[in-house]
Number of protein chains: 2
Amino acid sequence: MTESDPLAQLARHRASIDNLDAILIHTLAERFKQTQAVGALKATYDLPPSDPGREERQIARLRQLATDAELNPDFAEKVLNFVIQEVIKHHHAARG
Amino acid sequence: MTESDPLAQLARHRASIDNLDAILIHTLAERFKQTQAVGALKATYDLPPSDPGREERQIARLRQLATDAELNPDFAEKVLNFVIQEVIKHHHAARG
């Protein structure tokens, strides 16, 4: 197994992808806990359910972070929007 | 600002969400670099473009990780599938 062995290189990249996917899952799990806490706070104290100004600032910041990390900002925004929409659906489902 | 101040609590949760979103973006950026490297390897060495067995194992593993982290495994699978599909689209777009 040498550096130039393509199957060994493939296996190394896949091992990294598996590690990165584990980070993604655990980060999503923690993010979901935080948004659940936000939902509970808003329900308890009758706070407004959404804050369009915040959402706009979040997206702008994430696009900048993506650009700095050499990730396509449209790709980043699409994935984050998908996560946000799925989180809303699942919170609604959890409330019944 | 006390523990019971709901707006202070909300601000703390939002700061955590912002940190977690930064982790998500940077992890996606690194994952994209890895899948780009895999694509280049496959093109150079004429390896098969997809490996359905691997994808099945990835999904099963991620569902288990999600369950262990108290994240809904269907939610986790949906998000990861979205990421995988978007990655494929963007790699195709990058190749032209």
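Q: What makes a stretch of chain A count as helix α1?
A: Helices are DSSP runs of H or I with at least four residues, strands are runs of E with at least two, and both are numbered from the N terminus. In this predicted model, local features need pLDDT of at least 70, side-chain atom pairs count only at pLDDT 80 or more, and totals for chains, interfaces and linings use all residues. Residues are numbered from 1 along each chain as its sequence is written, with chains lettered from A and ligands numbered from 1 in the order in which they are written.

Q: Which residue follows α1(A), and what is the sign of its phi?
A: A:Asp46 follows α1(A), and its phi is positive, near 55°.

Q: How do you know that the span of helix α1 of chain A agrees with its number of residues?
A: The expected span is 1.5 Å times one less than the number of residues, so the 40 residues of α1(A) (residues 6-45) should span 58 Å, and the end C-alpha atoms are 58 Å apart, which agrees.

Q: Why are A:Leu24 and A:Phe32 called buried?
A: A residue is buried if 20 or more other C-beta atoms, placed from the backbone, lie within 10 Å of its own, exposed if 12 or fewer, and partly exposed in between; the buried residues of α1(A) include A:Leu24 and A:Phe32, so each meets that cut-off.

Q: What makes residues of chains A and B part of their contact?
A: Two residues are in contact if their C-beta atoms, placed from the backbone, lie within 7 Å. The contact takes 43 residues from chain B and 43 residues from chain A, and α1(B) gives the most to the side of chain B that touches chain A, with 25 residues.
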